[in-house]
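Visitor: Hey, could you walk me through this one? I'm new to reading structures.

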Amino acid sequence: MNTEKENGLAVETRGLTKIYGGKAAVKDLNLRVGEGQIYGFIGRNGAGKSTTLKMISGLASPTRGEVSLFGKPINDPAVRRRLGVLIEAAGLYPNMTARQNVVMKARCMGLADEKSADRVLELTGLTDTGKKQVKHFSMGMKQRLGVALALLGNPDLLILDVKWSTVLIVYRVHSVQKESEKRTAYTKGTKKCV
Ligand SMILES: Nc1ncnc2c1ncn2[C@@H]1O[C@H](COP(=O)(O)OP(=O)(O)OP(=O)(O)O)[C@@H](O)[C@H]1O
Ligand SMILES: [Mg+2]
(Lines give C-alpha, C1' and ligand atoms only; values in the text may rest on other atoms or scores of the structure.)
(Ligands and ions follow the chains in the order given, each with its own letter.)
Protein backbone atom coordinates (compact mmCIF):
# COMPACT_ATOMS: atom_id res chain seq x y z
CA MET A 1 0.00 0.00 0.00
CA ASN A 2 1.38 3.42 -0.87
CA THR A 3 0.88 6.43 1.33
CA GLU A 4 1.78 10.03 0.67
CA LYS A 5 5.30 10.03 2.11
CA GLU A 6 7.83 8.33 -0.13
CA ASN A 7 11.30 9.70 0.36
CA GLY A 8 13.74 6.84 0.19
CA LEU A 9 14.03 3.17 0.85
CA ALA A 10 13.23 1.97 4.37
CA VAL A 11 14.26 -1.60 3.53
CA GLU A 12 16.44 -2.96 0.76
CA THR A 13 17.75 -6.50 0.45
CA ARG A 14 20.15 -7.69 -2.20
CA GLY A 15 20.55 -11.40 -2.94
CA LEU A 16 19.40 -12.24 0.57
CA THR A 17 19.89 -15.95 1.23
CA LYS A 18 19.69 -18.18 4.29
CA ILE A 19 20.72 -21.83 4.17
CA TYR A 20 19.77 -24.19 6.98
CA GLY A 21 21.32 -27.67 6.85
CA GLY A 22 22.10 -27.40 3.14
CA LYS A 23 18.57 -26.26 2.21
CA ALA A 24 17.69 -22.68 1.29
CA ALA A 25 15.02 -21.17 3.58
CA VAL A 26 15.34 -17.88 1.65
CA LYS A 27 17.03 -17.62 -1.73
CA ASP A 28 18.31 -14.53 -3.56
CA LEU A 29 15.65 -12.17 -2.26
CA ASN A 30 15.74 -8.63 -3.64
CA LEU A 31 13.24 -6.53 -1.73
CA ARG A 32 12.66 -2.77 -1.84
CA VAL A 33 10.26 -1.08 0.56
CA GLY A 34 9.91 2.69 0.39
CA GLU A 35 9.50 4.95 3.41
CA GLY A 36 5.85 5.53 4.20
CA GLN A 37 4.76 2.19 2.75
CA ILE A 38 2.99 -0.70 4.38
CA TYR A 39 4.44 -3.82 2.82
CA GLY A 40 3.22 -7.31 3.54
CA PHE A 41 4.08 -10.74 2.29
CA ILE A 42 2.19 -13.96 2.62
CA GLY A 43 3.20 -17.50 1.80
CA ARG A 44 2.69 -21.11 2.78
CA ASN A 45 4.05 -22.48 6.07
CA GLY A 46 7.81 -22.85 5.80
CA ALA A 47 8.05 -20.46 2.84
CA GLY A 48 10.71 -18.38 4.62
CA LYS A 49 8.72 -15.36 5.85
CA SER A 50 9.97 -15.43 9.46
CA THR A 51 13.53 -16.14 8.33
CA THR A 52 13.41 -13.12 6.02
CA LEU A 53 12.05 -10.84 8.75
CA LYS A 54 14.67 -12.10 11.23
CA MET A 55 17.44 -11.22 8.77
CA ILE A 56 15.91 -7.81 8.10
CA SER A 57 15.72 -7.15 11.87
CA GLY A 58 19.25 -8.35 12.52
CA LEU A 59 18.10 -11.37 14.57
CA ALA A 60 19.56 -13.88 12.09
CA SER A 61 22.62 -13.43 9.93
CA PRO A 62 22.32 -14.02 6.19
CA THR A 63 24.33 -16.84 4.62
CA ARG A 64 24.73 -14.52 1.62
CA GLY A 65 23.46 -11.14 0.58
CA GLU A 66 22.87 -7.82 2.30
CA VAL A 67 20.23 -5.83 4.13
CA SER A 68 20.09 -2.02 4.28
CA LEU A 69 17.65 -0.07 6.40
CA PHE A 70 17.26 3.60 5.57
CA GLY A 71 20.34 3.17 3.35
CA LYS A 72 22.53 1.94 6.20
CA PRO A 73 23.65 -1.51 7.36
CA ILE A 74 21.51 -3.19 10.01
CA ASN A 75 24.34 -3.22 12.57
CA ASP A 76 24.43 0.61 12.64
CA PRO A 77 23.21 1.58 16.17
CA ALA A 78 21.37 4.63 14.78
CA VAL A 79 19.35 2.33 12.52
CA ARG A 80 18.56 -0.15 15.30
CA ARG A 81 17.07 2.65 17.39
CA ARG A 82 14.58 3.33 14.58
CA LEU A 83 13.29 -0.27 14.56
CA GLY A 84 10.30 -1.86 16.30
CA VAL A 85 10.19 -5.64 15.97
CA LEU A 86 7.70 -8.39 16.75
CA ILE A 87 8.78 -11.76 15.40
CA GLU A 88 6.86 -14.93 16.24
CA ALA A 89 6.06 -14.97 20.00
CA ALA A 90 6.70 -11.75 21.91
CA GLY A 91 8.62 -12.18 25.15
CA LEU A 92 5.80 -11.44 27.60
CA TYR A 93 5.96 -11.74 31.38
CA PRO A 94 2.93 -13.95 32.22
CA ASN A 95 2.57 -12.86 35.85
CA MET A 96 2.43 -9.17 35.00
CA THR A 97 -0.39 -7.02 33.64
CA ALA A 98 -0.30 -5.50 30.16
CA ARG A 99 0.75 -2.14 31.59
CA GLN A 100 3.48 -3.66 33.76
CA ASN A 101 4.88 -5.45 30.69
CA VAL A 102 4.91 -2.25 28.67
CA VAL A 103 6.36 -0.10 31.47
CA MET A 104 9.08 -2.71 32.08
CA LYS A 105 10.16 -2.68 28.43
CA ALA A 106 9.91 1.13 28.26
CA ARG A 107 12.30 1.40 31.22
CA CYS A 108 14.71 -1.06 29.60
CA MET A 109 14.66 1.17 26.53
CA GLY A 110 15.43 4.21 28.66
CA LEU A 111 11.95 5.72 28.23
CA ALA A 112 11.34 7.18 31.67
CA ASP A 113 8.04 8.83 30.72
CA GLU A 114 5.14 6.45 31.37
CA LYS A 115 2.98 8.39 28.91
CA SER A 116 4.55 6.44 26.06
CA ALA A 117 3.45 3.21 27.77
CA ASP A 118 -0.13 4.44 28.07
CA ARG A 119 -0.09 5.63 24.47
CA VAL A 120 0.81 2.21 23.02
CA LEU A 121 -1.76 0.50 25.26
CA GLU A 122 -4.39 2.92 23.98
CA LEU A 123 -3.38 2.39 20.34
CA THR A 124 -3.71 -1.37 20.67
CA GLY A 125 -6.94 -1.24 22.67
CA LEU A 126 -5.48 -2.65 25.89
CA THR A 127 -6.10 0.27 28.23
CA ASP A 128 -8.97 -1.46 30.00
CA THR A 129 -7.28 -4.75 30.85
CA GLY A 130 -6.54 -3.45 34.37
CA LYS A 131 -5.18 -5.99 36.84
CA LYS A 132 -5.58 -9.02 34.58
CA GLN A 133 -2.31 -10.93 34.31
CA VAL A 134 -1.03 -11.77 30.85
CA LYS A 135 -1.25 -15.53 31.54
CA HIS A 136 -5.04 -15.08 31.55
CA PHE A 137 -5.10 -13.17 28.25
CA SER A 138 -6.64 -14.58 25.08
CA MET A 139 -4.31 -15.19 22.13
CA GLY A 140 -5.58 -12.02 20.43
CA MET A 141 -4.87 -9.95 23.54
CA LYS A 142 -1.33 -11.36 23.71
CA GLN A 143 -0.82 -10.44 20.08
CA ARG A 144 -2.06 -6.91 20.76
CA LEU A 145 0.40 -6.64 23.63
CA GLY A 146 3.21 -7.83 21.35
CA VAL A 147 2.31 -5.04 18.91
CA ALA A 148 2.18 -2.54 21.81
CA LEU A 149 5.71 -3.52 22.86
CA ALA A 150 6.98 -3.18 19.29
CA LEU A 151 5.45 0.31 19.06
CA LEU A 152 7.36 1.61 22.10
CA GLY A 153 9.82 4.35 21.22
CA ASN A 154 7.73 5.38 18.20
CA PRO A 155 9.82 3.42 15.65
CA ASP A 156 10.23 4.63 12.07
CA LEU A 157 10.17 1.04 10.83
CA LEU A 158 7.88 -1.58 12.34
CA ILE A 159 8.65 -5.20 11.46
CA LEU A 160 5.82 -7.54 12.41
CA ASP A 161 5.63 -11.28 11.88
CA VAL A 162 2.06 -11.82 12.97
CA LYS A 163 -1.06 -13.80 12.24
CA TRP A 164 -3.51 -12.40 9.73
CA SER A 165 -5.98 -11.44 12.50
CA THR A 166 -3.33 -9.18 14.03
CA VAL A 167 -2.90 -7.31 10.77
CA LEU A 168 -6.30 -5.72 11.45
CA ILE A 169 -5.04 -4.41 14.79
CA VAL A 170 -1.97 -3.01 13.07
CA TYR A 171 -4.14 -1.36 10.41
CA ARG A 172 -6.22 0.27 13.15
CA VAL A 173 -3.06 1.57 14.86
CA HIS A 174 -1.82 2.95 11.54
CA SER A 175 -5.15 4.75 10.91
CA VAL A 176 -5.19 6.27 14.42
CA GLN A 177 -1.62 7.50 14.00
CA LYS A 178 -2.39 9.03 10.60
CA GLU A 179 -5.38 10.86 12.11
CA SER A 180 -3.24 12.16 14.95
CA GLU A 181 -0.55 13.33 12.47
CA LYS A 182 -3.24 15.18 10.53
CA ARG A 183 -4.44 16.83 13.75
CA THR A 184 -0.87 17.83 14.63
CA ALA A 185 -0.36 19.32 11.17
CA TYR A 186 -3.62 21.23 11.56
CA THR A 187 -2.60 22.54 14.99
CA LYS A 188 0.79 23.59 13.64
CA GLY A 189 -0.94 25.33 10.74
CA THR A 190 -3.21 27.20 13.13
CA LYS A 191 -0.29 28.27 15.27
CA LYS A 192 1.47 29.57 12.17
CA CYS A 193 -1.53 31.77 11.33
CA VAL A 194 -1.76 33.27 14.80
N1 LIG B 1 16.66 -22.20 13.12
C2 LIG B 1 16.38 -23.01 12.11
N3 LIG B 1 17.09 -24.14 11.90
C4 LIG B 1 16.84 -24.94 10.86
N5 LIG B 1 15.86 -24.73 9.95
C6 LIG B 1 15.11 -23.65 10.12
C7 LIG B 1 15.31 -22.73 11.21
N8 LIG B 1 14.41 -21.72 11.09
C9 LIG B 1 13.68 -22.00 10.01
N10 LIG B 1 14.08 -23.14 9.42
C11 LIG B 1 13.53 -23.74 8.21
O12 LIG B 1 13.48 -22.74 7.21
C13 LIG B 1 12.28 -22.83 6.44
C14 LIG B 1 11.53 -21.50 6.50
O15 LIG B 1 11.04 -21.33 7.83
P16 LIG B 1 10.28 -19.99 8.28
O17 LIG B 1 10.07 -20.11 9.74
O18 LIG B 1 11.03 -18.83 7.77
O19 LIG B 1 8.93 -20.12 7.47
P20 LIG B 1 7.59 -19.24 7.55
O21 LIG B 1 7.29 -18.80 6.16
O22 LIG B 1 7.75 -18.17 8.57
O23 LIG B 1 6.51 -20.31 8.02
P24 LIG B 1 5.17 -20.12 8.91
O25 LIG B 1 4.08 -19.67 7.98
O26 LIG B 1 4.89 -21.50 9.42
O27 LIG B 1 5.44 -19.16 10.02
C28 LIG B 1 11.51 -24.01 6.99
O29 LIG B 1 11.78 -25.14 6.20
C30 LIG B 1 12.07 -24.19 8.39
O31 LIG B 1 12.02 -25.53 8.81
MG1 LIG C 1 6.74 -17.73 10.34
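Guide: Sure! Keep in mind that this is a predicted model. Let's begin with the ligand: by class, the shell around ligand 1 has three nonpolar, seven polar and one charged residues.

Visitor: Okay, and which residues surround ligand 1?

Guide: Going along the chain, you meet Y20, G21 and A25, then G43, N45, G46, A47, G48, K49, S50 and T51.

Visitor: Which helix gives the largest share of that shell?

Guide: That's helix α1, residues 49–57, which supplies three residues of the shell around ligand 1.

Visitor: Switching topic: how many helices and strands are there in the protein chain?

Guide: Six helices and six strands. From the N terminus, the order is β-β-α-β-β-α-β-α-α-α-β-α.

Visitor: And what share of the residues is buried?

Guide: Buried residues make up 23% of the 194 in the protein chain.

Visitor: Can we zoom in on one helix? Which residues are buried in α4?

Guide: In α4, which covers residues 115–123, the buried ones are A117, V120, L121 and L123. Looking down the axis of α4, they fall within an arc of 165°, so they line one face of the helix.

Visitor: Why would spaced-out residues point the same way?

Guide: An α-helix has 3.6 residues a turn, so residues three or four places apart point the same way.

Visitor: Nice. What comes just after α4?

Guide: There you find G125, with a positive phi of about 70°.

Visitor: Last one: how do α3 and α5 cross?

Guide: The axes of α3 (residues 98–108) and α5 (residues 139–151) come within 10 Å and cross at roughly 25°. That angle is under 35 degrees, so α3 counts as roughly parallel to α5. Their crossing is right-handed.

Conventions: Residues numbered from 1 in each chain as written. Chains lettered and ligands numbered in written order. Predicted model: local features only at pLDDT ≥ 70, side-chain atom pairs only at ≥ 80, totals over all residues. Buried ≥ 20, exposed ≤ 12 C-beta atoms within 10 Å, placed from the backbone. Helix = DSSP H or I, 4+ residues; strand = E, 2+ residues; numbered from the N terminus. Arc of directions from axis to C-beta. Near = placed C-beta within 6 Å. Nonpolar A, V, L, I, M, F, W, Y, C, P; charged D, E, K, R; others polar. Axes fitted to C-alpha atoms, helices over the stretch in contact; angles between N-to-C directions. Parallel < 35°, antiparallel > 145°, perpendicular 65-115°, else oblique. Left-handed = near helix turned anticlockwise from the far one by under 90°.
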